[in-house]
Amino acid sequence: MAQRGFVLQPGEGERLTVVTDTVRVLADGAATGGRVFIFEEINEPGHGPPLHRHGVDDEYFFVLEGEFTFVIDGTRVVAPKGAFVAAPKGSQHTFTNSGTTTGRMLIITTPPGLESPFRETAALREPTPENLAAVFGKAGIVFEGPPLGAG
């Protein structure tokens, strides 16, 4: 099926609150013919996901604003504005906004699928570690430790 070109102007696109972070959907699996999920993530200082592993998709991060600290398979690295980070399928990884201002990243997953648990999480009235693990587990994502910013 041929895909149609499209444009999102600044600020346009579906916005989801995923626990404490904001996700702006730029192109989901439906819009890309099942090829890729592209989104902007906005994190406040100290925020980021728990240590986890993707069983289905590769994940790529490009830091647009701020500074993030990543841990990928036990290696810690600071990623300032302009840095690119790759977390291939099966890698154990996490990140946190380690700066002092709001951070933004462009994130790409291939194949798509991460948009489903994001949407389901955004609809939860009271996200708990247990229901978040169940929601993300359906997409092949396993939580394996706390967020970097915890504690």
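The paragraphs below lead through the nonpolar core, the aromatic rings and the largest pocket of this structure, which is a predicted model.

A good place to begin is the interior, where the largest nonpolar core has 24 residues. Within this core, the residues with the most contacts are Phe61, Phe70, Met105, Phe118 and Phe136. Several elements contribute to the core, since at least two of its residues come from each of β1 (15–18), β2, β3, β5 (58–65), β6 (67–72), β8 (84–87), β10 (103–110) and α2. To see how one of these residues sits among its neighbours, find Phe118 in the structure: leaving aside residues up to four places away in sequence, Phe118 touches Leu16, Val18, Val23, Phe37, Phe39, Glu41 and Phe136.

Aromatic rings come next, and a pair of them is described by the distance of the centres and the angle of the planes. The model holds ten aromatic pairs. In one of them, Phe61 and Phe70 meet edge-to-face, with 4.9 Å from centre to centre and 65° between the planes. Phe61 counts as buried because its relative accessibility is 1%, under the cut-off of 20%, and Phe70 counts as buried because its relative accessibility is 0%.

Another pair is formed by Phe136 and Phe143, whose rings are tilted, at 5.6 Å centre to centre and with 45° between the planes. Are these two residues buried or partly exposed? Phe136 has a relative accessible area of 7% and is therefore buried, whereas Phe143 has a relative accessible area of 27% and is therefore partly exposed. Both residues also belong to a cluster, in which ring pairs link Phe37, Phe39, Phe118, Phe136 and Phe143.

Phe143 leads on to the largest pocket, which has a volume of about 510 Å³. The lining of this pocket is made of 25 residues, and those closest to its centre are Val19, Gly48, Pro49, Pro50 and Phe143. Two or more lining residues are given by each of β2 (21–27), β3 (37–43), β4 (50–54), α2 (129–137) and β11 (141–147). Which of the elements supplies the largest share of the lining? That share comes from α2, which gives four residues. In chemical character, the lining of the largest pocket divides into 16 nonpolar, five polar and four charged residues.

Taken together, these views share some elements: β2, β3 and α2 each supply at least two residues of the core, and β2, β3 and α2 are also among the elements that give two or more residues to the lining of the largest pocket.

Terms used:
Residues are numbered from 1 along each chain as its sequence is written. This is a predicted model: local features need pLDDT of at least 70, side-chain atom pairs count only at pLDDT 80 or more; totals for chains, interfaces and linings use all residues. Side-chain values use heavy atoms; hydrogens and water are left out. On a 1 Å grid over the protein atoms alone, a cavity is a set of points where a 1.4 Å probe fits but cannot get out, and a pocket is an open set with protein on both sides within 12 Å along at least five of seven lines; lining residues have an atom within 4 Å of a point. Grid points are joined across faces, edges and corners, and a volume is the space filled by probe spheres set on the points. Ala, Val, Leu, Ile, Met, Phe, Trp, Tyr, Cys and Pro count as nonpolar, Asp, Glu, Lys and Arg as charged, and the others, Gly among them, as polar. A nonpolar core is a set of buried Ala, Val, Leu, Ile, Met, Phe, Trp, Tyr and Cys residues joined through side-chain atoms within 4.5 Å. Buried means under 20% relative accessible area, exposed over 50%, partly exposed in between (1.4 Å probe, protein chains only). Contact means heavy atoms within 4.5 Å. Rings of Phe, Tyr and Trp (its six-membered ring) pair if their centres lie within 6.5 Å; planes under 30 degrees apart count as stacked, over 60 as edge-to-face and the rest as tilted.
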